[in-house]
Structure formats: structure tokens, C-alpha cells
Amino acid sequence: MIYLITGANRGIGLALTKEALRRKHKVIAAVRNPQAESLQNMIENGENIVVLKLDVSDCDSIKKFVDELEFKVDVLINNAGVLFRDKFPNLKYENFIKSFETNALGPLFLTRELYEQGKINKGGKIINIDSILGSISNTSATTSYSYSVSKAALNMITKLLSHYFLKENISVLSIHPGWVKTDMGGMEAPITPEESAKGIMDLIEVFEGTGRFFDYTGREIEW
Ligand SMILES: NC(=O)c1ccc[n+]([C@@H]2O[C@H](COP(=O)([O-])OP(=O)(O)OC[C@H]3O[C@@H](n4cnc5c(N)ncnc54)[C@H](OP(=O)(O)O)[C@@H]3O)[C@@H](O)[C@H]2O)c1
């Protein structure tokens, strides 16, 4: 199968890329810097990977990326994301705009461009890497207002697209990867990127239905 993974150069995206390759899939790694050493090493090792430039917060970049894409995708993993630590009342307007563009509009407009150009296979899967911090039901506090608001918007995007894509038999999920040791999650996080990626890949292979919200262990999360 062909996997398209955004933000594939580090953190959870890199671990997902390695896990997908280990499972004999082809990976299109969509990243801001295609020269990233982590990916160049894989190319040199002859892995089944294509690295392409993509800034998910930029519509022109999305259009150019999809124009140049020579494959039809079976699984799109919208993984790229940003987090700014801001709490009420110390908020920055720009953090909300950047978070919204990257975490919510990026997945939506990338999906739309792929669909419009016929580059998502019927029966395919769209996986939005979301966060428990985007669950309204589970909210008591948050590490970041701009992050939680953008991830809650991504959850709505999952739900809306799941209805639209019923006719194409394309399923759409939100997945919370757990609290993961990455630049974003910090070193005190309990889960490694490899554990999270393995759980997510297992789930992608077996889940049923569409428009659902899971964590990386397969536990369903309330919206
Ligand atoms: N770590 C956690 O505990 C945790 C928990 C819940 C949810 N998540 C979600 O999991 C996903 C991956 O997080 P992570 O922990 O792996 O984060 P990370 O280590 O900070 O990596 C973020 C990735 O996103 C990419 N990215 C950011 N903005 C981008 C843009 N405009 N266009 C393309 N790529 C962009 C980064 O690329 P550059 O290298 O170019 O910056 C990097 O590859 C995110 O959606 C995050 O919200 C993480």
C-alpha cells in the first residue's frame, strides 16, 4: 500500500515512516526540508520511500506537492503539527492563526487537493493525528489554548469528511498518539515514538467504521 505521511522527518512522523516501511508499504514522506538527514539515510539504504517538499500551512505548497505527486495514496496520515504553550489570559493571536493553519486547515486542504486531483484511492484511509487535548468532553485544563482549539477543529474536520467520503468508501479517523517523547511531547513523556507508531499502524490495519476518535492503543475517545 502507499502511505503519505506529513511531518515525516522527526518525532512520531519519522517513527510512523519507519514502521510503515518495516511493514513493506511504500512511503511518501512529505516534509518542509527534503534534505533532512533522517530521510536521506533511508534513501541511501534503498528503502521504498519518496521524499517530497510540503509545507501544510501554505496552500501554494499543497497545490505544488499534489501536482508533482506521481502516486495514488491508500493511506494519508496527517501528522504534521505545531504546539505553542499559551494559557488564558496570556494568549497570542498569531499562535492561534499558525496552529489553525497547520493543525486543522493543513489536513483539510491537503485532503481536498488530493481528492480533487483523484489521488486518494477508493477504499482508502485518512488518519488525522489529533490529540486528547482536542477532545471537548475530556477538557478540564490544557497545556495550550491555541493547540486545543486547533485540534478540536481537526476533530470536526474528521467528522465532516467522514460523512462526505462515505460515497467513496474512504474512512476518516482521528487518532491520539498518546503522550510521546518527542520535541513536542518532551522527554518526560511516558511513551516512545516507536511504541506510539506501532499502535497507530496496528489500529490503521484493523479499525472498522469511519468518523471515530481513538487513541494509539485502540481505545475509543469521546469527542
Ligand atoms: N508528542 C506528543 O505527546 C503528542 C501528543 C498528542 C498529539 N501529538 C500530535 O502528533 C503529531 C506529531 O507530533 P510530534 O510529537 O512528532 O511533534 P514534533 O516532534 O514537534 O514534530 C512535528 C513535525 O511536524 C512538522 N511540521 C510542523 N509544521 C509543519 C508544516 N507547516 N508543514 C509541514 N510539516 C510541519 C515538523 O517539521 P519540521 O521538522 O520542518 O519542523 C515535524 O516533522 C502532531 O500532530 C501533534 O500535535 C503529539
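Start by selecting Tyr115, which in this predicted model has a relative accessibility of 24% and therefore counts as partly exposed, since the buried class ends under 20% and the exposed class begins over 50%. Keep Tyr115 on screen and add Tyr164, a residue that is likewise described as partly exposed, with a relative accessible area of 40%.

Now select Phe165 as well, and look at how its ring stands against that of Tyr115: the two centres are 5.1 Å apart and the planes meet at 80 degrees, so this pair is edge-to-face. Because Tyr115 belongs to helix 4 while Phe165 sits in the loop between helix 5 and strand 6 (171-176), the pair ties together parts of the chain that are 50 residues apart in sequence. Phe165 itself has a relative accessibility of 2% and so counts as buried.

Staying with these rings, note that the model has 5 aromatic pairs by the rule used here. One of them is formed by Tyr115 and Tyr164, whose ring centres lie 5.6 Å apart with planes at 85 degrees, so that this pair, too, is edge-to-face. To see what it links, colour helix 4 (residues 93-116), which holds Tyr115, and helix 5 (residues 145-164), which holds Tyr164; the two residues are 49 residues apart. Shown together, Tyr115, Tyr164 and Phe165 appear as a cluster linked by ring pairs.

Next, move to the nonpolar interior and select Tyr3, Ile77, Ile127 and Ile204, the residues with the most contacts inside the largest nonpolar core, which has 32 residues. Helix 1 (residues 11-22) gives the most to this core, contributing 6 residues. If you then centre the view on Ile77 and leave aside residues up to four places away in sequence, you will find that Ile77 touches Tyr3, Leu4, Ile5, Thr6, Leu16, Ile127, Ile129 and Ile204. A second core, separate from the one just visited, has 25 residues, and Leu4, Leu52, Ile157 and Ile170 are among them.

Finally, select the ligand and display its surroundings, which consist of 29 residues, the closest being Asn9, Arg32, Asn79, Tyr147 and Thr182. Begin with Thr182, where a polar side-chain atom lies 2.5 Å from an oxygen atom of the ligand. Turn then to the backbone of Ile12, where an N or O atom is 2.8 Å from a ligand oxygen atom, and to Gly81, where a polar backbone atom is 3.4 Å from an oxygen atom of the ligand. On its own the ligand has 910 Å² of accessible area, and the protein covers 93% of it.

Notes: Residues are numbered from 1 along each chain as its sequence is written. This is a predicted model: local features need pLDDT of at least 70, side-chain atom pairs count only at pLDDT 80 or more; totals for chains, interfaces and linings use all residues. Side-chain values use heavy atoms; hydrogens and water are left out. A nonpolar core is a set of buried Ala, Val, Leu, Ile, Met, Phe, Trp, Tyr and Cys residues joined through side-chain atoms within 4.5 Å. Buried means under 20% relative accessible area, exposed over 50%, partly exposed in between (1.4 Å probe, protein chains only). Helices (H or I, at least four residues) and strands (E, at least two) are DSSP runs, numbered from the N terminus. Contact means heavy atoms within 4.5 Å. Rings of Phe, Tyr and Trp (its six-membered ring) pair if their centres lie within 6.5 Å; planes under 30 degrees apart count as stacked, over 60 as edge-to-face and the rest as tilted. A residue is near a molecule or strand if one of its heavy atoms lies within 4 Å of it. A polar contact is a pair of N or O atoms within 3.5 Å; within protein, one must be able to donate a hydrogen and the other to accept it, and residues adjacent in sequence count only if both atoms are side-chain atoms. Accessible areas come from the Shrake-Rupley method with a 1.4 Å probe; for residues, only the protein chains shown count as cover.
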